[in-house]
Amino acid sequence: MKILGIETSCDETAAAVIEDGSKILSNVIVSQIDIFAEYGGVIPEIAARSHLEAILPVIHKALNAANLDWSNLDAIAVTHTPGLMGSLLIGTLTARTFAILKNKPLYAVHHLKSHIYANWLEEDSTKTSTTLSKDLAQIDQNQSPKNEQNSTPASSPKPTFPLLALVVSGGHTQIIYMQAHNHFEIIGTTRDDAVGECFDKVAKILGLPYPGGPAVSACAKTGDSSKYHLPHPKVDYLDFSFSGLKTAVLRAVQSELGLSIKTPSYELKNHLSEQQQADFAASFQETACDILIEKLQAALTDHPDIKSIVLAGGVSANQILRQKALATFSKNYQVFFPAPKFSGDNGAMVAAATYFEITNGVKPINPYTLSIAPRTPIE
Ligand code: KG4
Ligand code: ZN
């Protein structure tokens, strides 16, 4: 079954064609990172406008790279929640239009489900992935060679149920229990900031560029993670809180520099040495990852039936988090994380999630009535 997955929930315009939930026939991503690096964060109106410019060339490229036309596709899948309203609108309106024009079944997918199902995608060593920024002209010219998808590697092991998914992104931090495909129970969630948001805010305090996660992670490489002691928040059982950690970093930086707590965060970067910046990045990253791992450990105590642990979402690209997860859990559990290019937002995971919805009895949605929502819990 070949599914076109479309993703526009935030600042990536993405489309991919996936066969049977895991085989990557094409994967195209146009990132708006270059645009928003100048602003230090996403501006929703600009994101929506950029999606509008990119969406048709991206879909066209995804079909071409897969050597398919519309007649070979079995379904169209699109992210409809959660996300930025204007951004979601561009993807869903495009998907609805094609579903009607090309007479294809349409599926609407929750963004966090898609992140989890990125773990079913095969490692893509086939050059079928294209990540582009800004230069849309390149998309039309850059047709992929005809035989690309023939070199897909042998199938890799897949997560088994019951599993715990740690979903860590710019907007969410959740532990989700999955008894089987398509059964989601949120057993822990953040009370305030998401962990990715915390990485982004700490990056700003340290004077590192947007997006903060990769920047903090790169800067931390030359830092001492035990240099600054940062607190672990006290929150009820499996829930998280990251706003206190961000403030703790702010106060620790001010104190280290001998500055008043009234000193605005945007001024601190002018006083930090490179080594201090790296030490703060490393200490923060270590603490944030430890908090995530501790909560997963607590969740496992409650769920002795768990077989697999699955990391998902943008923050799951973090190498320290991956190392800690492997070191802590791999003796007793299967541990999965997506290939780095599938940790962030992409269309492949949307198509993968939809395959497992279809094969578990979910019916298509009416393309005339599909609506979007900025925040809806996974269910
Ligand atoms: O899943 P995602 O691409 O978009 C959302 O659904 O939010 O996640 C984006 C988040 C951002 O906060 C970004 O800073 C963070 O993921 N991120 C990372 C890393 N790469 C991306 N955080 C920590 N370490 C990374 N290597
Ligand atoms: Zn995401």
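## Pro304 and its surroundings

Pro304 is placed in the loop that runs between helix H10 (274-302) and strand S10 (308-312). The model described here is predicted. Pro304 has a relative accessible area of 72%; because the threshold for an exposed residue is over 50%, Pro304 counts as exposed.

A further residue can be related to this loop position. Pro162 is separated from Pro304 by 142 residues in sequence, and the C-alpha atoms of the two residues are 9.7 Å apart in space.

## The five-stranded sheet

Strand S10, which follows the loop of Pro304, belongs to an open sheet of five strands. The order of the strands is S9-S8-S7-S10-S11, and their pairing is mixed. Strand S9 (185-189) and S11 are the edge strands, each of them pairing on one side only. On average, neighbouring strands of this sheet are turned by 20° against each other, with direction ignored.

Within the sheet, strand S7 (residues 163-168) pairs with strand S8 (residues 173-178) through six bridges in the antiparallel sense. Leu166 has Ile175 of S8 opposite it. In general terms, the strands of a sheet pair through backbone hydrogen bonds, in either a parallel or an antiparallel arrangement.

## Strands S1 to S4

Strand S2 (residues 12-19) is largely enclosed by the rest of the structure, because eight of its eight residues are buried. Glu12, Ala14, Ala16 and Ile18 point one way from S2, whereas Thr13, Ala15, Val17 and Glu19 point the other way. Both sets of side chains are thus accounted for among buried residues, the charged Glu12 and Glu19 included. Strand S1 is also mostly covered, with five of its six residues buried.

S2 has pairing partners in S1 and in S3. Strand S1 (residues 2-7) is joined to S2 by six bridges, and the two run antiparallel. They form a hairpin with four residues between them, and Ile6 stands opposite Ala15 of S2. With strand S3 (residues 23-31), S2 pairs over eight bridges, again in the antiparallel sense. This second hairpin has three residues between its strands, and Asp20 in the turn has a positive phi of about 50°. Val17 faces Ser26 of S3 across this pairing. S1 also pairs with S4, in this case in parallel and through four bridges; the bridge partner of Gly5 in S4 is Ala77.

## The zinc site

Three residues coordinate the zinc ion (ligand 2): His111 through NE2, His115 through NE2 and Asp345 through OD, at 2.0 to 2.1 Å. The spacing of these donor residues in sequence is H-x3-H-x229-D. His111 belongs to helix H4 (residues 111-117), and Asp345 to the loop between strand S11 (334-336) and helix H12 (348-358); the pair therefore ties together parts that are 234 residues apart in sequence. Both His111 and Asp345 are buried.

## The largest pocket

The largest pocket holds about 1,400 Å³ of space. Its lining comprises 47 residues, and those nearest its centre are Cys10, Asp11, Gly170, Asp200 and Tyr210. Elements that give two or more residues to this lining are S3, H4, helix H6 (195-206) and helix H7 (212-220). H6 gives the most, with seven residues. By residue class, the lining of the largest pocket divides into 18 nonpolar, 20 polar and nine charged residues.

Two of these elements have appeared above. S3 is the hairpin partner of S2, and H4 is the helix that carries His111.

## The second largest pocket

About 250 Å³ of space lies in the second largest pocket. Of its 16 lining residues, His80, Ala108, His110, Lys113 and Glu357 are the closest to its centre. Strand S4 (75-81) and strand S5 (106-110) are the elements that give two or more residues to this lining. S5 supplies the largest share, four residues. Seven of the residues that line the second largest pocket are nonpolar, five are polar and four are charged. S4, one of the contributors to this lining, is also the strand joined in parallel to S1.

Key:
Residues numbered from 1 in each chain as written. Chains lettered and ligands numbered in written order. Predicted model: local features only at pLDDT ≥ 70, side-chain atom pairs only at ≥ 80, totals over all residues. Heavy atoms only, no water. Donors = N, O, S within 2.8 Å, 3.2 Å for Na, K, Ca; no water. Buried < 20%, exposed > 50% of the residue type's maximum accessible area, 1.4 Å probe, protein only. Pairing = 2+ DSSP bridges. 1 Å grid on protein atoms, 1.4 Å probe; cavity = no way out; pocket = protein on both sides within 12 Å on 5 of 7 lines; lining within 4 Å. Points joined across faces, edges and corners; volume = space filled by probe spheres on them. Axes fitted to C-alpha atoms, helices over the stretch in contact; angles between N-to-C directions.
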